[in-house]
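Let's take a walk through a fold together. Keep the 3D view open and turn it as you read.

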Amino acid sequence: MGSSVGKDVIVGLDIPDDAAVYALDEERALVTTVDFFTPIVDDPYTFGAITAANAISDIYAMGGRPLFALNIVAFPINKLDRSILLEILRGGRDKAEEAGVAVIGGHSIDDTEPKYGMAVVGTVSARRIYRKGDGRAGDRLVLTKAIGTGIISTALKRGEAPQESLNAAVESMLSLNDRALALARSANVGAMTDVTGYGLIGHLADLAKASGLSAEVASDVVPQLPNALKLAEQGYVPGGTNRNLEFVEPDTEWAEVISRAGRLLLCDAQTSGGLLISVAPDDCADLIEALRAEGHAAADIGRLLSGKAGTVRVL
């Protein structure tokens with residue numbers, strides 16, 4: 001192991017991934033990430049808990065175990081009641097405790113709009129890091145959560161989200177990815193990432209490009225949250241989702257039967273989304289069975305294959 005700082009950086013800015021990784025020695029490494037955003041639900045406690053789950057997810061996506069976190073807070077202290085801030089922080093703390101994460105500090109500023117997030121530090125085996133670029137041609141693609149949180153959150157902001165959809169989205173966003181990672185460890189996994197702001201197709205394209213491969217997705221088997229497609233058809237689409245679709249268009253081949261709303265859903269900006277795992281074909285069915293047995297909306301949605309790196313074909 002080299003002694004220079006540069007040599008100790010296993011994952012950094014040269015080949016970006018879900019989190020940064022810094023070697024401690026030949027066997028152990030630190031994995032760290034930061035994430036924050038504005039409220040996506042009305043209840044402050046739930047917002048704090050979702051935000052914590054979202055931030056911690058990047059540690060799981062690298063195959064790590066989260067240890068501790070620092071809060072990042074922006075809050076209009078002279079415009080909103082302090083009790084709202086306390087509820088946000090309580091939600092974040094409780095979700096972190098569920099993940100075995102100690103919240104041990106942080107920083108706050110006065111701002112015009114509430115924002116909350118966490119910087120999270122964990123550990124990972126230096127010999128067993130799951131990276132975006134480790135996919136293999138022929139790997140099946142397993143998604144562990146349904147998509148549509150961005151669209152449903154947008155409908156909520158406009159007062160049009162069906163209660164069934166909102167309940168399902170909140171439950172999904174509050175769910176940690178720890179058990180999905182634990183189950184994936186028993187399979188022959190290649191690459192892994194989590195599906196968040198760039199949407200399913202954006203994150204898949206990123207994984208495929210890093211792996212030097214192309215990808216194929218069967219749109220009809222991708223798990224969707226209740227009414228997500230219908231809400232997209234009605235125009236409840238966040239700006240980030242529209243930008244995601246625009247960004248992936250040049251390298252995505254869409255089947256003609258997939259409507260614009262369907263494409264937007266597949267590109268929907270997710271919060272605290274599921275893991276996207278490339279796994280050897282022989283292990284795929286067993287992994288999905290194990291995930292579903294524990295309540296995950298898991299599905300085999302496609303495969304990695306040889307082809308122009310980063311291109312995606314959606315059937």
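In what order do the seven strands of the open sheet line up? Before we look, remember that this is a predicted model. Reading across the sheet, you get β8-β11-β7-β12-β9-β13-β10, with mixed pairing. It helps to know that strands of a sheet pair through backbone hydrogen bonds, either parallel or antiparallel. At the edges sit β8 (189–194) and β10 (252–254), and each of them pairs on one side only. If you ignore direction, neighbouring strands here are turned by 20° against each other on average.

Now zoom in on one pair. Strand β9 (residues 214–217) and strand β12 (residues 299–305) run antiparallel, and four bridges join them. Find Glu216, then look straight across: opposite it stands Arg303 in β12. Next, look for a helix against this sheet. Helix α11 (residues 281–293) lies across β7 (140–143), β11 (275–279) and β12. Its direction is at about 10° to β7.

Time for the other sheet. Six strands make up this open sheet, in the order β1-β2-β3-β6-β4-β5, and the pairing is again mixed. Its edge strands are β1 (9–11) and β5 (102–110), each pairing on one side only. From one strand to the next, the twist averages 20°.

Here, try following strand β3 (residues 28–37) alongside strand β6 (residues 115–125). The two run antiparallel, with 10 bridges joining them. Pick out Asp35 and you'll find its bridge partner in β6, Met118. This sheet has a helix lying across it as well: α2 (residues 44–61) crosses over β3, β4 (65–75) and β6, running at about 145° to β3.

Finally, let's see how two helices meet. Two packed helices are described by the angle between their axes and the distance between the axes. For helix α4 (residues 149–157) and helix α5 (residues 163–174), the axes come within 10 Å and cross at roughly 130°. Because of that angle, α4 counts as oblique to α5. The crossing in which α4 passes α5 is left-handed.

Which residues in α4 and α5 meet? On the α4 side they are Thr149, Ile152, Ser153 and Leu156, while α5 brings in Ser165, Leu166, Ala169 and Met173. Sort the residues of this contact by character and you get five nonpolar, three polar and no charged.

Conventions: Residues are numbered from 1 along each chain as its sequence is written. This is a predicted model: local features need pLDDT of at least 70, side-chain atom pairs count only at pLDDT 80 or more; totals for chains, interfaces and linings use all residues. Side-chain values use heavy atoms; hydrogens and water are left out. Axes are lines fitted to C-alpha atoms, for helices over the stretch in contact, and angles run from 0 to 180 degrees between N-to-C directions. Angles under 35 degrees count as roughly parallel, over 145 as roughly antiparallel, 65 to 115 as roughly perpendicular and the rest as oblique. A crossing is left-handed if the near helix is turned anticlockwise from the far one by less than a right angle, and right-handed if clockwise. Contact means heavy atoms within 4.5 Å. Ala, Val, Leu, Ile, Met, Phe, Trp, Tyr, Cys and Pro count as nonpolar, Asp, Glu, Lys and Arg as charged, and the others, Gly among them, as polar. Two strands pair if DSSP finds at least two bridges between them.
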